[in-house]
Amino acid sequence: MSEPKPPTPTPGDTYKGWLFKWTNYIKGYQRRWFVLSNGLLSYYRTQAEMGHTCRGTINLATANIAVEDSCNFVISNGGAQTYHLKANSEVERQRWITALELAKAKAVRMQAESDDSGDDCPAVPPTSGQGGGCRNSEVQSTLRTLNSKVEDLTTCNDLIVKHGSALQRSLSELEGIRVGGEMGEKIRQVTERATLFRITSNAMINACRDFLSLAQSHSKRWQKALQVERDQRIRLEETLEQLAKQHNHLERAFRGATVLPPSFSNPALGNKGGVPGKGDASDEDDDNEFFDAMEDPAEFITVPADPKYHRRSGSNVSGISNETGMDDQSVNFDELSLASNPESPQSLELEPVRQRRTRIPDKPNYYLNLWSIMKNCIGKELSKIPMPVNFNEPLSMLQRLSEDLEYYELLDKAAKCQSSLEQMCYVAAFTVSSYSTTVHRTGKPFNPLLGETFELDRLKECGYRSLCEQVSHHPPAAAHHAISEKGWTLRQEITLASKFRGKYLSIMPLGSIQCLFEKSNNHYSWKKVTTTVHNIIVGKLWIDQSGEIDVVNHKTGDRCHLKFAPYSYFSRDVPRKVTGVVTDKDGKAHYVLSGTWDEKMEFSRVMQSSKGENGTEGKQRTVYQTLKAKEIWKKNPLPEGAENMYYFSSLALTLNEPEEGVAPTDSRKRPDQRLMEDGRWDEANAEKQRLEEKQRTTRREREREAVKAVSPPEEAVTEDSINDSPLKTDAVETGTEANEVSDETDTEDSPPHTPVACAHQDNYQALWFEKLDDSASGETLHVYKGGYWEAKEQGSWDMCADIF
């Protein structure tokens with residue numbers, strides 16, 4: 001039997017298949033997997049590479065498609081990229097040519113209409129309720145699909161006219177020639193154009209069939225949805241009329257009513273003792289559900305627990321379930337009491353929440369010539385190489401540290417946990433969530449200037465406020481302190497070390513992160529894993545997180561061991577996988593966590609553990625019998641158009657938004673960063689060099705004063721002697737970015753940096769942080785000493801240095 005014929009390419013659909021691509025004269029044509037989608041033709045070595053490694057992409061909007069012979073064709077975009085491709089047969093080549101022409105016509109049309117595409121989208125008023133929003137999105141999606149089908153029909157019509165005219169011309173030429181040597185060539189051309197006409201006609205028929213089926217399938221649904229909207233509008237009008245009457249009645253009653261005592265202000269609290277009983281029943285039903293084990297992690301296996309554990313009433317299992325239920329109910333009780341209490345301050349003083357921005361200027365498409373940078377560095381020391389802003393994103397490292405609070409709700413839930421082991425699960429999930437914003441963020445943040453600060457005041461919206469300060473320059477170190485009204489405090493001090501290994505760059509954060517809970521006095525600490533940026537020299541940049549984290553509760557001895565699996569081409573595991581086990585001080589496992597650091601995490605209660613079979617490395621793996629896994633964290637979707645805004649999250653879009661009342665050293669006021677955000681990169685590069693030179697000058701002045709302070713009067717060092725001293729090297733004068741370059745260009749065999757500045761005592765002291773020894777963790781770090789928020793309330797920033 002012959003192989004099944006591949007489907008005719010339908011306009012607008014993704015077209016995939018194997019083709020042979022010319023590589024070089026040694027290897028010749030090599031088999032590659034090609035994908036045609038959205039006007040772009042991309043290829044991969046295998047189908048498995050589609051998720052992470054693209055070998056090349058060409059835009060068909062500016063490309064030329066030429067046929068060489070029966071199986072070969074060429075795609076070129078003017079000399080920069082040229083693909084010499086070969087199909088298995090002439091029919092397969094014709095299918096690819098048709099699909100490419102359809103995609104090219106559509107890409108050209110979309111590029112021509114891109115300027116006024118925003119005016120063509122009809123504005124749909126938001127509908128109250130989740131169902132209304134879903135219906136609106138469904139209607140919009142269907143309209144977009146129908147518009148796409150209409151555009152495909154137009155494209156097919158144009159192609160049919162084009163190929164029909166060419167076929168007619170060929171037939172006319174065939175009638176006019178004489179029988180001879182040219183007869184065979186003309187017949188072959190006519191056959192080829194007839195095949196193209198037939199393929200295009202089939203695509204037209206398929207597009208018409210799709211359009212007709214879509215219109216018929218959605219016609220009745222839209223009529224029904226329209227009737228539902230009409231009924232809902234009538235009900236809303238009746239409800240508004242009743243609310244208006246109730247409002248007038250309450251307004252009249254309020255004028256003559258007296259304020260009730262607090263004990264009567266919340267009648268729902270009287271039933272508080274009976275409500276958790278319902279929570280027990282619902283939680284017990286949830287626990288009776290079983291689940292299939294996920295793919296085995298490297299160190300342990302999870303299997304469903306025995307049903308006998310679900311029937312144990314009064315056991316620790318129900319206690320843990322009750323804790324989760326009580327946490328959710330306590331939120332409802334707090335909201336209910338707040339809404340019904342007339343003496344609540346929030347019910348009397350309602351302040352409007354500030355509307356934060358949801359967009360920043362799109363990233364300019366500037367061409368970066370690496371040779372233009374490297375040729376200016378010949379003969380210079382690495383510490384003097386200026387790094388342009390083309391490698392950056394318009395945020396500083398202090399703002400990236402503040403992004404760890406993207407999922408602060410996890411710490412809010414942890415603060416309400418009665419069990420320290422369950423609290424450990426939320427803290428571990430918060431640890432993983434801080435990496436979710438890095439999956440597409442290949443841009444380097446601005447290295448902060450010494451004394452630079454960044455405040456994130458979300459007290460009214462989210463109940464927390466955060467402060468970061470660059471406390472050291474050699475080595476660069478940043479301190480972070482966040483405190484919440486919900487009873488938790490987060491503090492960290494991070495120093496980055498990096499190693500460049502040719503194909504990839506490894507970034508190793510040094511320092512610890514600590515989280516303290518006021519109610520339970522639990523004190524947690526952990527460190528960050530290694531971040532690796534791949535394809536530094538050639539290829540598309542992509543980021544991976546790998547390593548292990550131990551989250552330790554210094555009060556109870558509980559521990560959570562998290563493992564970030566590095567990406568492997570040969571691994572069967574899910575990419576970016578994270579697994580973890582929560583144990584008590586005796587090493588007994590209580591919870592198992594699993595998921596991915598870029599999507600979601602789940603946790604499940606361990607009922608029993610036993611030693612299983614040996615793993616691939618000869619280690620004996622532990623088998624955990626667990627209850628059904630519950631989702632503990634899920635990543636928020638990126639805002640619309642994030643690919644044009646440096647892949648910023650909703651929080652990251654607001655970090656550099658100008659605010660009044662912040663300190664003059666705040667990152668929002670950094671001029672080069674602001675110019676880059678506005679798309680003025682040339683001015684940003686010039687301003688960046690000015691700031692670095694200013695910081696070098698300030699550092700030299702500070703070192704001179706330090707030398708004078710420690711030198712005896714008879715051996716006082718003059719300014720000229722310092723300038724002429726061999727100890728004063730370019731490394732001492734290194735600016736912020738210069739130090740980063742020297743760090744990132746280390747090789748594995750190179751010795752560690754020994755800054756010459758150690759000979760000159762730097763007397764710099766951080767303004768808002770002080771260095772203390774933490775008795776619980778035994779570590780030394782910068783801790784917030786207070787005064788910033790008081791200075792902001794008074795509007796007094798005289799103590800701040802002029803760093804910008």
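1. A residue counts as buried when its relative accessible area is under 20%. In this predicted model, A203 has a relative accessible area of 0%, so A203 is buried. A203 belongs to helix 4, which covers residues 182-256. The C-alpha atoms of A203 and C156 are 7.1 Å apart in space, although 47 residues separate the two in sequence.

2. For the chain as a whole, 43% of the 804 residues count as buried. The secondary structure amounts to 18 helices and 27 strands. Taking contacts between residues at least 6 apart in sequence, 60% join residues at least 24 apart.

3. The largest nonpolar core holds 66 residues. W488, L490, F517, W526, V551, L562 and F564 have the most contacts inside this core. Helix 12 gives the largest share of the core, with nine residues. Another core, of 20 residues, lies apart from it and has F34, I58, A87 and L196 among its members.

4. V551, one of the residues with the most contacts inside the largest nonpolar core, can be followed further. Leaving aside residues up to four places away in sequence, V551 touches M424, V427, T431, Y524, S525, W526, D558, R559, C560 and L562.

5. The program's search for enclosed space gives three cavities of 30 Å³ or more. The second largest cavity has a volume of about 70 Å³. Its lining consists of D404, F430, T431, S434, Y435, L490, Q492, I513, W526 and K528. By residue type, the lining of the second largest cavity divides into five nonpolar, three polar and two charged residues. Helix 12 (420-433) and strand 14 (488-500) each contribute at least two residues to this lining. Two residues of the lining, L490 and W526, also appear among those with the most contacts inside the largest nonpolar core.

6. K527 sits in the loop between strand 17 (523-526) and strand 18 (530-534). Is K527 buried or exposed? Neither term fits: K527 is partly exposed, because its relative accessible area is 41%, and buried requires a value under 20% while exposed requires one over 50%. Not counting residues up to four places away in sequence, K527 touches G511, S512, I549 and E779. K527 and D550 are 23 residues apart in sequence, and their C-alpha atoms are 7.4 Å apart in space.

7. Strand 11, residues 453-458, is mostly covered, with six of its six residues buried. T453, E455 and D457 point one way from the strand, while F454, L456 and R458 point the other way. The residues on both sides are buried, including the charged ones E455, D457 and R458.

8. Which strand pairs with strand 11, and in what sense? The partner is strand 12 (residues 464-473), and the pairing is antiparallel over six bridges. R458 of strand 11 stands opposite Y464 in strand 12. The hairpin formed by strand 11 and strand 12 has five residues between the strands. In this hairpin, G463 takes a positive phi near 85°.

Terms used. Residues are numbered from 1 along each chain as its sequence is written. This is a predicted model: local features need pLDDT of at least 70, side-chain atom pairs count only at pLDDT 80 or more; totals for chains, interfaces and linings use all residues. Side-chain values use heavy atoms; hydrogens and water are left out. Buried means under 20% relative accessible area, exposed over 50%, partly exposed in between (1.4 Å probe, protein chains only). Helices (H or I, at least four residues) and strands (E, at least two) are DSSP runs, numbered from the N terminus. Two strands pair if DSSP finds at least two bridges between them. On a 1 Å grid over the protein atoms alone, a cavity is a set of points where a 1.4 Å probe fits but cannot get out, and a pocket is an open set with protein on both sides within 12 Å along at least five of seven lines; lining residues have an atom within 4 Å of a point. Grid points are joined across faces, edges and corners, and a volume is the space filled by probe spheres set on the points. A nonpolar core is a set of buried Ala, Val, Leu, Ile, Met, Phe, Trp, Tyr and Cys residues joined through side-chain atoms within 4.5 Å. Contact means heavy atoms within 4.5 Å.
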